[in-house]
Amino acid sequence: MNKIELLAAYWTIAGDRIPMGPTEVSPFSLRERAEAAAEAGYKGLGLVYQDIEANKALMGLDGIRRILDDNGLPHVEVEFLGDWFEAGEKKRASDKVRGDLLEAAAVLGARDVKIAPQMWSETIDIAHYAAAFADVCDAAAAIGTNVAIEVLPFTNIRDLKTARAVVEGAGRANGGLCIDIWHMERGGIDFGEVAALPVGYLKSVELNDARAEIVPGGLWEDTINERVLCGEGSFNVRGFIKAIQATGFDEFWSVELLGREHRLLPLREQAKRSFDTTMAMFEPAA
């Protein structure tokens, strides 16, 4: 690809919504978001399950694809699959979501489906998770898409050693990781570890920034409410980009900004400010 292209991850321009909130469906229409993203310079959109399902009911998946095409947005990511490692009723519910996400990924041409480890847990059976991950990857391979485990500091896949063990155990070419700078910084993961990742493991990369201090509510409150525009926080965004580039990564980058102040801005301002400040990180520091 060489040329830097950015995708607006769902929460970056979703408006006044938070993960696991009363509803995750954006108050802005899909067409409004697509137009704002394209006008700002983005080349793709991220979509979450509830919003996909709401828009599928309105216009069908083909209708969603037409809106993206109308606005020159070829890049797509879909999320978030949980409980893929569970059994019983939780697994059955997860499989329903998996089927819907993969159906959307197939029609929308999504590069990857993001999946979540077990929240608020520290223990993990690597062999079990590797087998469960391989199963998700095989289902995704049937439609030609990747699966990206997001490494999250408040889950049981919180470091790159554990993440790599699951990916290696699964042994699927379309299975890898979602590496978000927030989770690396807050998880205390050295960028040298990031730079040492095999490029095939990088299925999604996310950019954002945050203040030095973690809010009293802890990591969850911090991640969903306190992120800021790239360059306006304490993260070494340029250093992170260099670490990712050192792997040979040459795909589109995602901008994921969840901030209580940002989400209340007018839609076009959310899109334009997030795009411009992130693109500036790819330029030499003044």
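These questions and answers walk through a predicted model of a protein.

Student: How many helices and strands does the protein have?
Tutor: Both kinds of element occur in this predicted model. The count is ten helices and ten strands.

Student: Which radius of gyration does the protein have, and why does it agree with a compact globule?
Tutor: Start from the chain length, 286 residues. A compact globule with that many residues would have a radius of gyration near 19 Å. The protein agrees with this, because its own value is 18 Å.

Student: What box do the C-alpha atoms fill?
Tutor: Take the box along the principal axes. Its sides are roughly 45 × 45 × 40 Å.

Student: What percentage of the residues count as buried?
Tutor: Buried means under 20% relative accessible area. Apply that to the 286 residues of the protein. The share that counts as buried is 55%.

Student: What share of the contacts comes from residues 24 or more positions apart?
Tutor: Consider the contacts with a separation of 6 or more. Among these, residues 24 or more positions apart account for 79%.

Student: How far apart are the mean positions of the positive and negative charges?
Tutor: The protein has 30 positive and 45 negative charges. Take the mean position of each set. The two are separated by 2 Å.

Student: Is the aromatic pair of Trp253 and Phe282 stacked or edge-to-face?
Tutor: A search of the whole structure finds eleven aromatic pairs. In the pair of Trp253 and Phe282, the ring centres are 5.1 Å apart, and the planes meet at 75°. Planes over 60 degrees apart count as edge-to-face. So this pair is edge-to-face.

Student: Where in the chain do Trp253 and Phe282 lie?
Tutor: They are 29 residues apart, and their pair links distant parts of the chain. Trp253 is in strand 10, and Phe282 is in the segment after helix 10.

Student: Is Trp253 buried or exposed?
Tutor: Its relative accessible area is 2%. The cut-off for buried is under 20%. Therefore Trp253 is buried.

Student: Which residues do ring pairs link into a cluster?
Tutor: Here several aromatic residues join through ring pairs. The cluster consists of Trp84, Phe85, Tyr129 and Phe133.

Student: Why does Ile181 count as buried?
Tutor: Ile181 is found in helix 6. Buried requires under 20% relative accessible area. Ile181 qualifies because its value is 0%.

Student: What distance separates the C-alpha atoms of Ile181 and Val237?
Tutor: Along the chain, Ile181 and Val237 are 56 residues apart. Val237 is one of the residues that Ile181 touches. Their C-alpha atoms are separated by 7.5 Å.

Methods. Residues are numbered from 1 along each chain as its sequence is written. This is a predicted model: local features need pLDDT of at least 70, side-chain atom pairs count only at pLDDT 80 or more; totals for chains, interfaces and linings use all residues. Side-chain values use heavy atoms; hydrogens and water are left out. Helices (H or I, at least four residues) and strands (E, at least two) are DSSP runs, numbered from the N terminus. The radius of gyration is taken over C-alpha atoms; the globule rule is 2.2 Å times the number of residues to the power 0.38. Buried means under 20% relative accessible area, exposed over 50%, partly exposed in between (1.4 Å probe, protein chains only). Contact means heavy atoms within 4.5 Å. Lys and Arg count as positive and Asp and Glu as negative; His and the chain ends are not counted. The place of a charge is taken as NZ of Lys, CZ of Arg, CG of Asp or CD of Glu. Rings of Phe, Tyr and Trp (its six-membered ring) pair if their centres lie within 6.5 Å; planes under 30 degrees apart count as stacked, over 60 as edge-to-face and the rest as tilted. Lists of a residue's contacts leave out its neighbours within four places in sequence.
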